[in-house]
Every structure is written in C-alpha cells, then in structure tokens.
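Colleague: I'm new to this one. Can you walk me through it?
Modeller: Sure, here it is.

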Amino acid sequence: MFSVIETVENRKASSRKSLFKQVAFGGLLVCALIMTVLVAASFGAANISAGHVLTSLQAHLTGHEDQLINKSADLIVWNIRMPRIFLSIVIGMALSSAGVVFQAVFKNPMADPYVLGISSGAAFGAALVIVSGYAIMLPLFSTVAVGAFVGASVTSIVVWQISKVGGKTETMTLLLSGIALNFMLQSGLSMIMVFNREQIERIVFWTMGSMSSATWAQVGIMLIPVTVAIALFRLYARDLNIMLMGEEVAQSLGVHVEKLRIVLLMIASAVTAAAVSVSGIIGFVGLIVPHAVRMIVGPDHRQLIPFSILAGGVFLLVADTVARTLFAPAEIPIGVMTAFIGSPYFIYLMQCGKSKKLGR
C-alpha cells in the first residue's frame, strides 16, 4: 500500500520536475532569441546602439516611423538588417523542424533535411538557371530561387519513385536512393561549373548559402510554407512518437505507417526546398539542433518539435550574425559558418555516445 503511494508520489514529482525543466528551457530560448535579434540588429559594418534599434522597431510596429529623427539608422535597421534577421530565424525554424521529422521517420539520428539529395537538387536547378542567362529578379523572388525550388522538388519525387518496392517505400532504399542521386547531381553541378567558368564564383557562393539578399517580401513568402509545415508536424507529433515504437506496434495502435511516412516526407521535403530556394544550401541545422534539444527535453515530439523550432531560429541567426560581422565588411557564406560551428559539436555528440556505450 505504502509502496504504491510512494510510486505515485515519485511519478508526480518527476512530472513536475520535467514540466519545470521544459518551461525554463522554453523561457531561455525565447530570451535568447530576443537578445540575439537586438544584438544582430546593432552590429555590422555600421554599429548602431540598442536604443536606436528599439526606437526603430517601436516606431514601425506602431506606425510612427515618420517621427524618427535618425533616418539613416532606421534605414539600416528596418530595411536591411531586420529582413535578414527574420529570414534567418524562419529558415532556421524550417530546417530544424524538418530535421526532427527526418530523424523520426528514418529512425536514424544521422538523418537531416539533405539526406534525400534535396540540397543537391536545389543547387543543380539554381545553377542551370544561372548559366542559362535567365537569372533575373522578379517582383517577389528571383528566377534562381524558382529553379532551386523546382530542382529540389523534382529530386524528392524522383527519389520516392526509385525507392518504391511493391507499392511501398522502404526506409533504407529511400536513404540509398537519396545518396546515389546526391552524388549524381553533384557530378552534374561540377560539370556545369567546368563549362561555365565565368559563372563559377556565383554558383559556388550560392551553394554555400547566403542571407545577403534578404527582403521583407522573401520573409512573407517563407512564412506561409513554414507555418503550414510546423502546424502539420505538431499535429502528427503523437503519431511520430508511436512510430518510434516500431511498425507493428504503430499498426496495432491504428497508425498507417506507410501513408504517414510519405505524407511527412513530402511536407519535410517541401519546406526544405522552400528554404533552400531562398537561402542556398545551409547544412548542419537540421542535424545538430534536434540532437541538442533532444538531450534536454527528451524524445517526445510534442515537446521536441516546438523547442527545436525555437532553437533552430536562434542557431541560424547567431551563425548569420557571426558570418557577416566577423570579418566585416567581408562576409563569410553562412553554410561555411554553420559547418564550422556544427562539426565540432557533432564530434562532441558522437564522443558522448561512445562514452555511454562504454558505460563511462
């Protein structure tokens, strides 16, 4: 009798502790995001005080921008830095949430949004537009972005078609198909650069990722697919938890595993394609962020997805801020910066995993 009461009390205490930990972590991420936005808006080739940043934000949010005294500072903050800041946050959220889903669907912590060759497809599509001579800026986006989105989307469809076995999509076959197509597209991209040397710098810089051309229009466009994808990911959070128990268990609990896998992969691939078409190829966000968050909040996707979204926004904004300010006025491609930050952390995670296996 007493042991049962004690067990119940222990569970309640553990639940309260877990809830407090999640609330504290969420509050920390929100504070980190706000502080990073202020810091990113202040630093650059022209340093602007936090006071001017707050004044500019308040004026634009309340519709009193005509009352601002320092017009030049407001121009830099609101028209140049803020679109880049918000685009970094939105793309970070897209890549990190897609990374969570890929890792859950493949049951592989090494999976990320580029595992199906989506990044190479986007790069190949963008490169074709660049060398064709039709790289022009449209009212809301460029034709290069359109080419990247089409390339990523076509790549996803081709990979799914190749990986179908008897009407079903095998996880391992899907992974191998993505890897094979990734190498083929990389070879095609190399050939394009060899025969179009005058465009090689533009293609290489785009494939390493950049937020330098961010506009409010791009932020608005990206918000639509990212918001829809995140809402759907959160809706399927319970099913993702069940899928981790195995296909047989999931089927017995009423989850149509094959259908769910296809739907989630389509959504994750689409939001990744949208992100890549705007920013270029940015690695490690969808791989590192879910890992780090999972270590803190656990594997429950009802918490893992929203926390990964916040952490992804913070991570990519920090990376972009460092990339554009470290050697200002020169700028480091953001893909290089995320790899530079992410690679050592990934090695650290692998070492932690080895230590756990050895029982240290």
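**Walking through the model**

Modeller: The accessible surface of the protein chain is about 18100 Å² (Shrake-Rupley method, 1.4 Å probe). Carbon and sulfur atoms account for 69% of that surface.

Colleague: What are the ground rules here?
Modeller: This is a predicted model, where local features need pLDDT of at least 70, side-chain atom pairs count only at pLDDT 80 or more, and totals for chains, interfaces and linings use all residues. Residues are numbered from 1 along each chain as its sequence is written, and side-chain values use heavy atoms, with hydrogens and water left out.

Colleague: What is the mean pLDDT of the chain?

Modeller: The mean is 82; pLDDT is the predictor's confidence in each residue, from 0 to 100. In the chain, 89% of residues reach 70 or more.

Colleague: Which elements have the lowest and the highest mean pLDDT?
Modeller: Strand E2 (residues 168-169) has the lowest, 64, and H13 the highest, 93. Separately, residues 1-10 stay under 50 throughout. The model gives that stretch zero contacts beyond four places in sequence. A contact means heavy atoms within 4.5 Å. Where pLDDT is low, the predicted coordinates should not be read in detail.

Colleague: How many helices and strands are there?
Modeller: The protein chain has 14 helices and two strands. These are DSSP runs numbered from the N terminus: helices are H or I with at least four residues, strands E with at least two.

Colleague: How much of the chain is buried?
Modeller: Buried residues are 49% of the 360. Buried means under 20% relative accessible area, exposed over 50%, and partly exposed in between (1.4 Å probe, protein chains only).

Colleague: Which residues have the most contacts inside the largest nonpolar core?
Modeller: They are Met 82, Ile 91, Phe 102, Met 222 and Ile 282, in a core of 99 residues. Helix H3 (residues 71-106) gives the most to this core, 19 residues. A nonpolar core is a set of buried Ala, Val, Leu, Ile, Met, Phe, Trp, Tyr and Cys residues joined through side-chain atoms within 4.5 Å.

Colleague: What is Met 82 in contact with, leaving aside neighbours within four places in sequence?
Modeller: Val 37, Ala 41, Val 53, Leu 57, Val 77 and Trp 216.

Colleague: Switching to H4. Is it largely enclosed or not, and why?
Modeller: Largely enclosed by the rest of the structure, because 11 of its 15 residues are buried. Among them are Gly 121, Ala 122, Ala 123 and Gly 125. Gly 133 follows H4, with a positive phi near 90 degrees.

Colleague: How many aromatic pairs are there?
Modeller: Three. Rings of Phe, Tyr and Trp (its six-membered ring) pair if their centres lie within 6.5 Å; planes under 30 degrees apart are stacked, over 60 edge-to-face, the rest tilted. Phe 25 and Phe 307 have ring centres 5.4 Å apart and planes at 55 degrees, so that pair is tilted. Phe 25 lies in helix H1 (residues 2-42) and Phe 307 in helix H13 (residues 301-325), so the pair ties together parts 282 residues apart in sequence.

Colleague: And the Trp pair?
Modeller: Trp 78 and Trp 216 have ring centres 4.9 Å apart and planes at 40 degrees, so this pair is tilted. Trp 78 lies in helix H3 and Trp 216 in helix H8 (residues 216-235), so parts 138 residues apart in sequence are tied together.

Colleague: Is Trp 216 buried or partly exposed?
Modeller: Partly exposed, at 31% relative accessibility. Trp 78 counts as buried, at 18%. Trp 78, Phe 86 and Trp 216 form one aromatic cluster.
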